[in-house]
Amino acid sequence: MSVPSNLKYTKDHEWVSIEGDIATVGITHFAQKELGDIVYVEVETLDQTLAKDEVFGTVEAVKTVSDLFLPLSGEIIAFNEDLESTPETVNSDPYGAGWMVKVKISNAAEIEELLSDEAYKELIGA
């Protein structure tokens, strides 16, 4: 199972890529596999400032709808609009073109609370 070593992870199966004070967030390969075929991604929190672990959107698969939890406090500054027309990109490229939001981090100390790739692999039994 793919768990890139250059990313951070959450127990809710989101991945985080950090560049300066901007975090790019998506769901992991494990999460998209568990959800099945993704048919819709909804993010109505663009330009809003949310606390860590608040719901920033939902992902709808054929089987279920799941909330998406923000891994770091901050302002949602971008939404991957390509997912509106091709949500299945989350299934085919979860760590690349399937990213969901970009966040301007407001509390850098929270980064230390994220999981390493090794800790995430242990969580999912990989």
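What is the order of the strands in the open sheet, and in what sense do they pair? The six strands run in the order 1-2-3-9-8-5, and the pairing is antiparallel. Here strands are DSSP runs of E with at least two residues, helices are runs of H or I with at least four, and both are numbered from the N terminus; two strands pair if DSSP finds at least two bridges between them. The model is a predicted one, so to speak for local features a pLDDT of at least 70 is needed and side-chain atom pairs count only at pLDDT 80 or more, while totals for chains, interfaces and linings use all residues. Residues are numbered from 1 along each chain as its sequence is written, and side-chain values use heavy atoms, with hydrogens and water left out.

At the edges of the sheet sit strand 1 and strand 5 (49-50), each pairing on one side only. Moving inward from strand 5, two bridges join it to strand 8 (residues 74-79) in the antiparallel sense, with Gly74 as the bridge partner of Leu50. Strand 8 in turn is joined to strand 9 by five antiparallel bridges, and Ala78 has Lys102 of strand 9 as its bridge partner. On to strand 3 (residues 22-27), which pairs with strand 9 over four antiparallel bridges: Ile22 stands opposite Lys104, and Thr24 opposite Lys102. Strand 3 also pairs with strand 2, antiparallel again, over six bridges. These two form a hairpin with two residues between them, and Gly20 in the turn has a positive phi of about 65°. Strand 3 is mostly covered, with five of its six residues buried (buried is under 20% relative accessible area, exposed over 50%, partly exposed in between, using a 1.4 Å probe and protein chains only).

As for the aromatics, the structure holds two pairs. Rings of Phe, Tyr and Trp (its six-membered ring) pair if their centres lie within 6.5 Å; planes under 30 degrees apart are stacked, over 60 edge-to-face, and the rest tilted. Tyr9 and Tyr120 make a stacked pair, at 4.8 Å centre to centre and 15° between the planes. Tyr9 is in strand 1 (residues 8-9) and Tyr120 in helix 4 (residues 117-124), so this pair ties together parts 111 residues apart in sequence. Both tyrosines, Tyr9 and Tyr120, are buried. Trp15 and Tyr95 form a tilted pair, 6.1 Å centre to centre with 55° between the planes. This one links strand 2 (residues 14-19), home of Trp15, to the loop between helix 3 (89-92) and strand 9 (101-105), where Tyr95 lies, 80 residues apart. Trp15 counts as buried because its relative accessibility is 3%; Tyr95, at 19%, counts as buried too. Within the sheet, Trp15 stands opposite Gly26 in strand 3.

Lys102 turns up once more, lying over the face of Trp99 at 4.8 Å from the ring centre (the cut-offs are NZ of Lys or CZ of Arg within 6 Å of the ring centre and within 35 degrees of the ring normal).

Finally, the largest pocket holds about 150 Å³ of space. On a 1 Å grid over the protein atoms alone, a pocket is an open set of points where a 1.4 Å probe fits, with protein on both sides within 12 Å along at least five of seven lines; lining residues have an atom within 4 Å of a point. Of its 13 lining residues, the closest to the centre are Thr10, Lys11, Asp12, Lys52 and Asp53.

How values were computed
Grid points are joined across faces, edges and corners, and a volume is the space filled by probe spheres set on the points.
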